[in-house]
Amino acid sequence: MSKVALITGITGQDGSFLAEFLLEKGYEVHGVIRRSSSFNTGRIEHLYIEELLKDMHIERKVQLHYGDMTDSTNLIRLIREIRPDEIYNLAAMSHVKVSFEIPEYTADTDGVGTLRLLEAVRFLGYENRTKIYQASTSELYGKVLEVPQSEKTPFYPRSPYGVAKLYGFWITKNYREAYNMFAVNGILFNHESERRGETFVTRKITLAAARINKGTQEKLYLGNLDAKRDWGYAKDYVECMWLMLQHDTPEDFVIATGEMHTVREFTTLAFEEAGVELEWQGEGVNEKGIDKATGKVIVIVDPKYFRPAEVEQLLGDPTKAKTLLGWNPTNTSFEELVKIMVKSDIKLVEREERIRREFD
């Protein structure tokens with residue numbers, strides 16, 4: 001029999017890549033989605049098309065269930081019905097800046113939501129049958145106390161998101177030790193892809209580069225250009241999530257590339273891939289990115305995008321994952337990642353232009 005996996009947050013970037021990965025491994029995959037009056041399943045439509053094309057007798061690959069991390073009764077019912085061998089808890093309010101605006105909801109979903117899931121497994125007596133992966137985050141380190149950050153680095157979160165995830169990390173560790181559950185934390189550093197939401201800075205940059213190149217956008221507004229991050233490819237990172245649950249013992253792992261780049265570097269590479277050479281002038285809030293070919297200012301620093309408590313740099317040490325899991329953190333290089341995202345967004349912008357012309 002094939003293994004059964006349950007993915008919360010399946011409609012997100014990581015959830016869609018993970019679902020594909022597990023299907024290739026022969027898993028029966030179930031996903032939890034929140035009820036909405038509008039469709040938000042664009043990243044996984046190709047995985048559940050039976051309902052859309054049932055007349056063609058195409059088998060559904062992923063079974064979707066309505067649920068929410070704020071509803072413990074619903075979680076218990078779902079886990080009891082599905083009886084998963086593995087649970088990947090990827091559901092979260094994951095936008096750091098937005099977490100300052102909705103801190104209570106962030107805490108309820110990202111922090112207490114993790115507790116609800118763990119308690120549902122324990123309540124049902126599935127401690128010895130169900131393995132749990134908890135999506136943790138490099139935002140736990142926040143105001144970093146050492147560089148690079150490893151599994152032993154002290155935490156110092158600097159946002160409601162980071163603090164909520166800190167609770168999720170420790171309650172997972174606590175349930176592992178208190179109830180002998182196979183429950184692990186994957187401390188993922190920044191991981192991006194062509195499926196990243198448009199409000200996240202990397203996708204905002206690549207989409208703007210594509211649109212400015214095509215003349216459908218004039219300027220890109222960014223916050224702290226000096227912020228340094230360890231950026232990897234989400235498609236590579238979901239493999240490490242799976243490897244953690246196949247490991248002999250439940251342990252926490254840093255998932256990172258071990259390389260660090262600034263927002264400025266990411267922006268420069270993205271525009272270069274879109275055919276625009278940037279020249280940077282000025283400092284701080286007065287710094288501007290100028291198109292060398294035209295002399296136009298196309299990148300501007302806007303203080304409204306600064307965080308109330310900034311995280312200046314994050315750099316992960318993936319040694320443990322490389323050594324114990326055999327995972328390759330740089331299967332996709334930083335430069336390749338930026339190219340993948342920009343090429344995808346150029347195609348998206350071209351598609352938008354074709355549709356616009358059809359209706360003009």
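This is a short talk about the helices of one chain, how two pairs of them cross, and a few residues in the loops and strands around them.

Hi everyone. Before anything else, please keep in mind that this is a predicted model.

Let me begin with helix H10, which runs over residues 334-359. Its 26 residues should span 38 Å at 1.5 Å a residue, and the C-alpha atoms at its ends are indeed 38 Å apart, so the two values agree.

Which residues of H10 are buried? Reading along the helix, they are Phe334, Leu337, Val338, Met341, Val342, Asp345, Ile346, Leu348, Val349 and Glu353. You will notice Asp345 and Glu353 among them. As a reminder, an α-helix has 3.6 residues a turn, so residues three or four places apart point the same way.

And what do those buried residues pack against? There are two helices, H6 (201-214) and H8 (263-273), together with strands E7 (191-192), E10 (232-233) and E12 (261-262).

Let's stay with H6 for a moment. The axes of H6 and H10 come within 8 Å and cross at roughly 50°. That angle is why the two helices count as oblique to each other. As for the hand, H6 passes H10 in a right-handed crossing. On the H6 side, the contact uses Thr202, Arg203, Thr206, Leu207, Ala210, Arg211 and Lys214. Facing them from H10 are Met341, Val342, Asp345, Ile346, Leu348, Val349, Glu350, Glu352 and Glu353. Sorted by character, the residues of this contact come out as seven nonpolar, two polar and seven charged.

One residue I'd like you to click on is Ile346, in helix H10. Is Ile346 buried or exposed? Its relative accessible area is 18%, and the cut-off for buried is under 20%, so Ile346 is buried. Apart from neighbours within four places in sequence, Ile346 is in contact with Ala210, Lys214, Glu273 and Ala274. Ala208 sits 138 residues away from Ile346 along the chain, yet their C-alpha atoms are separated by 9.7 Å.

Now for the second crossing, between helix H1 (residues 13-24) and helix H7 (residues 234-246). Here the axes come within 9 Å and cross at roughly 60°, and the crossing is again right-handed. H1 brings Gln13, Asp14, Phe17, Leu18, Phe21 and Leu22 to the contact, while H7 brings Ala234, Lys235, Val238, Glu239, Met241 and Trp242. This contact divides into eight nonpolar residues, one polar and three charged.

On to helix H5 (160-179). H5 has 20 residues and reaches 28 Å from its first C-alpha to its last, close to the 28 Å expected at 1.5 Å a residue. The buried residues in H5 are Tyr161, Gly162, Ala164, Lys165, Gly168, Phe169, Ile171, Thr172, Tyr175 and Arg176. They pack against helices H3 (96-99) and H4 (103-123), and against E5 and E6.

Just after H5 comes Asn180, with a positive phi of about 55°. Asn180 lies in the loop between H5 and strand E6 (183-188), and at 60% relative accessibility Asn180 counts as exposed.

There is another residue with a positive phi to look at: Arg83, where the value is near 50° and the residue is not a glycine. Arg83 lies in the loop between helix H2 (72-82) and strand E4 (86-89). With a relative accessible area of 40%, Arg83 is partly exposed.

While we are in the loops, where is there a cis peptide bond? It joins Val147 and Pro148, with omega about 0°. Pro148 belongs to the loop between strand E5 (131-137) and helix H5.

Let me finish with two contrasting residues. Asn89 lies in strand E4 and, at 2% relative accessibility, counts as buried. Setting aside neighbours within four places in sequence, Asn89 is in contact with Thr8, Met69, Thr114, Leu117, Tyr133, Gln134 and Ala135.

Glu104, by contrast, is in helix H4 and counts as exposed, at 69% relative accessibility. Glu104 and Pro308 are 204 residues apart in sequence, and 17 Å apart in space from C-alpha to C-alpha.

That's my tour, and I'm happy to go back to any of these places on the screen. Thanks for listening!

Methods. Residues are numbered from 1 along each chain as its sequence is written. This is a predicted model: local features need pLDDT of at least 70, side-chain atom pairs count only at pLDDT 80 or more; totals for chains, interfaces and linings use all residues. Side-chain values use heavy atoms; hydrogens and water are left out. Helices (H or I, at least four residues) and strands (E, at least two) are DSSP runs, numbered from the N terminus. The expected span of a helix is 1.5 Å times one less than its number of residues. Buried means under 20% relative accessible area, exposed over 50%, partly exposed in between (1.4 Å probe, protein chains only). Contact means heavy atoms within 4.5 Å. Axes are lines fitted to C-alpha atoms, for helices over the stretch in contact, and angles run from 0 to 180 degrees between N-to-C directions. Angles under 35 degrees count as roughly parallel, over 145 as roughly antiparallel, 65 to 115 as roughly perpendicular and the rest as oblique. A crossing is left-handed if the near helix is turned anticlockwise from the far one by less than a right angle, and right-handed if clockwise. Ala, Val, Leu, Ile, Met, Phe, Trp, Tyr, Cys and Pro count as nonpolar, Asp, Glu, Lys and Arg as charged, and the others, Gly among them, as polar.
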